[in-house]
Amino acid sequence: TPMAGGIRVPLIVHGPSVLQQQGHWRRQSVHVTDVLPTVLELTGSPYPDEFNGLRTRGMNGQSFASLLRDVSAPQSRTQQHYELQANRGFIQGDWKIVSLQAPRQPMQLDNWMLFNLKHDPAEVQDLAAQYPERVQELVRAFEEEAGDNYVYPLDHREDIRSVSLPPHELAAALKPRTFLPHTTWVPPQVISPL
């Protein structure tokens with residue numbers, strides 16, 4: 001569906017020591033942020049409170065190790081937000097809201113569409129006009145998660161955003177920087193302005 005690209009995709013897991021029921025489909029939903037907590041649980045590894053002297057941010061994901069062990073385990077994830085190039089979405093239970101932004105056009109932050117994924121998995125029938133209170137309920141939940149996960153400010157500059165910085169970060173990018181040996185690579189968006 002046009003609003004599910006990259007949202008509803010298959011995940012293939014191989015691990016004979018982990019998968020008790022190999023070769024079985026699971027229909028429960030997981031998110032990419034769930035992979036790290038799952039690997040940590042399966043390996044018995046802790047998530048560090050700090051790394052290189054800096055406090056780490058808490059994990060947003062939830063382990064799905066139980067789904068790997070038991071094909072009928074209940075789905076633990078009940079909601080998920082997402083944003084890409086200012087296109088926003090939020091899924092909670094059977095409901096999904098989506099706000100699409102046209103590139104190079106002024107953003108329309110209140111153009112939410114509403115879909116019932118149980119009855120309309122292809123997201124064809126926009127129900128926002130029929131259920132405005134449901135839209136507002138989901139928008140409030142999205143905004144809470146968006147605030148907790150640094151979704152704002154939105155940036156809808158198409159492909160140029162992959163080789164440049166958002167306008168609100170340019171001044172900070174031009175400040176002197178210290179690059180230390182044996183650290184991770186520095187993305188071109190940081191180097192280019194310098």
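Six bridges tie strand β3 (residues 79-84) to strand β4 (residues 87-92), and the two strands run antiparallel. That pairing is a good place to start exploring this protein, which is shown here as a predicted model. Counting elements, you will find five helices and six strands. Here is a short tour, beginning with the strands and ending with a few residues worth finding on your screen.

**The strands and their hairpins**

- Start at glutamine 79, whose bridge partner in β4 is glutamine 92.
- β3 and β4 form a hairpin with two residues between the strands. Look there for glutamine 85, which takes a positive phi near 50°.
- β4 also pairs with strand β5 (residues 95-99), in the antiparallel sense and over five bridges.
- For one of the links between β4 and β5, find arginine 88, whose bridge partner in β5 is serine 99.
- β4 and β5 make a hairpin too, with two residues between them. In this turn, glycine 93 has a positive phi of about 60°.

**The protein as a whole**

- Reading from the N terminus on, the order of elements is α-β-β-α-β-β-β-β-α-α-α.
- The protein has 194 residues, and buried ones make up 30% of them.
- Consider the contacts between residues at least 6 apart in sequence: 51% of these join residues at least 24 apart.
- The accessible surface comes to about 13,300 Å². Carbon and sulfur atoms account for 57% of that surface.

**Arginine 88, a residue in β4**

- Arginine 88 is found in strand β4. Is arginine 88 buried or exposed?
- Its relative accessible area is 2%, and buried means under 20%, so arginine 88 is buried.
- The side chain of arginine 88 reaches the backbone oxygen of leucine 109 at 2.8 Å.

**Aspartate 34, just ahead of a helix**

- Aspartate 34 lies in the segment before α1 (35-43).
- Aspartate 34 counts as buried because its relative accessibility is 2%, under the 20% cut-off.
- Which backbone atom does the side chain of aspartate 34 reach? The partner is the backbone nitrogen of glutamine 62, at 2.7 Å.
- Leaving aside neighbours within four places in sequence, aspartate 34 is in contact with Gly61, Gln62, Ser63, Phe64 and Arg77. Try selecting aspartate 34 together with these residues to see the contacts.

**Valine 32 and a nonpolar patch**

- Valine 32, like aspartate 34, has its place in the segment before α1.
- Valine 32 is exposed because its relative accessible area is 64%, and exposed means over 50%.
- Which residues make a nonpolar surface patch of about 250 Å²? The patch is made by Val32, Val35 and Val39.

**Glutamate 50, at the start of β1**

- Glutamate 50 is found in strand β1, which covers residues 50-51.
- With 52% relative accessibility, over the 50% cut-off, glutamate 50 counts as exposed.
- Not counting residues up to four places away in sequence, glutamate 50 touches Arg55 and Thr56.

Note on methods: Residues are numbered from 1 along each chain as its sequence is written. This is a predicted model: local features need pLDDT of at least 70, side-chain atom pairs count only at pLDDT 80 or more; totals for chains, interfaces and linings use all residues. Side-chain values use heavy atoms; hydrogens and water are left out. Helices (H or I, at least four residues) and strands (E, at least two) are DSSP runs, numbered from the N terminus. Buried means under 20% relative accessible area, exposed over 50%, partly exposed in between (1.4 Å probe, protein chains only). Contact means heavy atoms within 4.5 Å. Accessible areas come from the Shrake-Rupley method with a 1.4 Å probe; for residues, only the protein chains shown count as cover. A polar contact is a pair of N or O atoms within 3.5 Å; within protein, one must be able to donate a hydrogen and the other to accept it, and residues adjacent in sequence count only if both atoms are side-chain atoms. Two strands pair if DSSP finds at least two bridges between them. Patches are made of residues with over 30% relative accessible area and no salt bridge: like charges are joined within 9 Å, nonpolar side chains (Val, Leu, Ile, Met, Phe, Trp, Tyr) within 5 Å. A salt bridge is a side-chain nitrogen of Lys or Arg within 4 Å of a carboxyl oxygen of Asp or Glu.
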